[in-house]
Amino acid sequence: MGQEQQPGRRTVLGAAAVLGAAGTGAVALGGGTAQAAERSSVRTDGRGRGHRGLPTPAVVAHRGASGYRPEHTLGSYQLALDMGADIIEQDLVPTKDGHLVCRHENDITATTDVADHPEFASRRTTKTVDGKKLTGWFTEDFTLKELKTLRAKERIPQQRQHNTLYNGRWEVPSFAEVLEWAEKQGRRRGRPVWLHIETKHPTYFRKLGLALEKPLAKLLRRYGRHKAHAPNFLQSFEPSSIQQLSRLVDCPLVVLLSGPTSRPWDFVEAGDPRTVADLVEPEGLKWISGFAQGIGPTLDLIIPRKPDGSLGEETTLVRDAHARKLVLHPYTMRNENTFLPADFRVGDDPNAYGDAFGAFKRYFATGIDGLFSDNCDTALLAAADFRGDR
């Protein structure tokens, strides 16, 4: 997709916008097919139209402003909001007593100071999560009260030493606290705070009796964020989690997609042989569009990297997804050389910033509807340049 298909500056989607304008509220629960059909009109064409007035391309703050603050903290979320991020992401995992908290993983060894708490030393254990053997401390072994005695820290201090300045400053936030924060900030600003909410390892937690979907839906209902015109997206790497959520809430749903040879873990558990490569084919996208309104593919599914790490030729995924009226929010752009395609790296320092603006321009030119970024200030400038706003 070339520049001639560049998206408009601020446009709205079909049915969701109509619902919001008309004030009709949520579609009645229980009509799965009808709900999917109504919400599937989140796109009205294949040219990158945004959802309910969101700019296109929209900037999603990946775990908050995680390029500058420890991820999934109120400090990271607040900075992302202050920078002007269009949407802010939360990853959800449960506690032992069933509360949802914001962590990228249930393994909190690298993102909290739990190892410095002798009272929790005995809880260090080895588990297999989605087929991977991990040793550390896990949220499902702590109550919310216990987790609140911990403090968050930078996950990748080797790459982001400057973020370690903020180690210990913030707690692990519960999702209920984040919703309250979003409501407060929305009232202050006179506009809603958009959220992009992910269910992590849903099959794994379901087996532990800690299913994520119903507690999430309950919290969204409490804050009126379960409706078709609510200012949030729900996302998961497991399509079955999104299918469950489609029966519980009416807000837009996004299926996340990893590398082409990978299989969603719920597929592995169910014996479904399909891979991500199958899901990004037209038939797979048609299947997804029956219960979801968008996809969140890794950027390599849109522009694969060559063996030398530079960007290759664009795939047809954007065109094919838009043909099914699916929004695309790919992940993740970061400014550091080590994360950038080889042709946008500058110098030999892997932790130095490369030509992130050049990479953003290349990705935006594909017609994607938004992009996850650790550095939302950079992404916002790049998006404004692309739209011609500056």
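## A bridge between Lys-127 and Asp-141

Lys-127 and Asp-141 join their side chains in a salt bridge, with N and O 3.0 Å apart. The two partners come from distant parts of the chain and sit 14 residues apart. Lys-127 belongs to strand β4, which covers residues 125-129. Asp-141 lies in the loop between β5 (132-136) and α4 (144-147). This is a predicted model.

How buried or exposed is each partner? Lys-127 has 16% relative accessibility. Buried means under 20%, so Lys-127 counts as buried. Asp-141 has 22% relative accessibility and counts as partly exposed.

## A bridge between Lys-148 and Glu-177

Another salt bridge pairs the side chains of Lys-148 and Glu-177. Here the N to O distance is 2.6 Å. This pair also links distant parts of the chain, with the two positions 29 residues apart in numbering. Lys-148 is in the loop between α4 and α5. Glu-177 is in helix α5, which spans residues 175-189.

Glu-177 has a relative accessible area of 32%. The cut-offs for partly exposed run from 20% to 50%, so Glu-177 is partly exposed.

## Arg-206 and Glu-213

Arg-206 and Glu-213 form a salt bridge too. Their closest N and O atoms are 2.9 Å apart. What is the relative accessible area of Glu-213? For Glu-213 the value is 1%, and the residue is buried. Arg-206, at 29% relative accessibility, counts as partly exposed.

## A network, and the full count

Some salt bridges join up. Arg-160, Arg-334, Glu-336 and Asp-374 are linked in a network of them. How many salt bridges does the model hold by this rule? The count comes to 19.

## Phe-205 in helix α6

Now turn to a residue with an aromatic side chain. Phe-205 is placed in helix α6, which covers residues 202-207. Is Phe-205 buried or exposed? Phe-205 has a relative accessible area of 0%, so this residue is buried.

Which residues does Phe-205 touch, leaving aside neighbours within four places in sequence? Phe-205 is in contact with Val-93, Pro-94, Asn-106, Glu-140, Lys-200, Leu-210, Ala-211 and Leu-212. Val-129 is 76 residues from Phe-205 along the chain. The C-alpha atoms of Val-129 and Phe-205 are separated by 9.4 Å.

Terms used:
Residues are numbered from 1 along each chain as its sequence is written. This is a predicted model: local features need pLDDT of at least 70, side-chain atom pairs count only at pLDDT 80 or more; totals for chains, interfaces and linings use all residues. Side-chain values use heavy atoms; hydrogens and water are left out. Helices (H or I, at least four residues) and strands (E, at least two) are DSSP runs, numbered from the N terminus. Buried means under 20% relative accessible area, exposed over 50%, partly exposed in between (1.4 Å probe, protein chains only). Contact means heavy atoms within 4.5 Å. A salt bridge is a side-chain nitrogen of Lys or Arg within 4 Å of a carboxyl oxygen of Asp or Glu.
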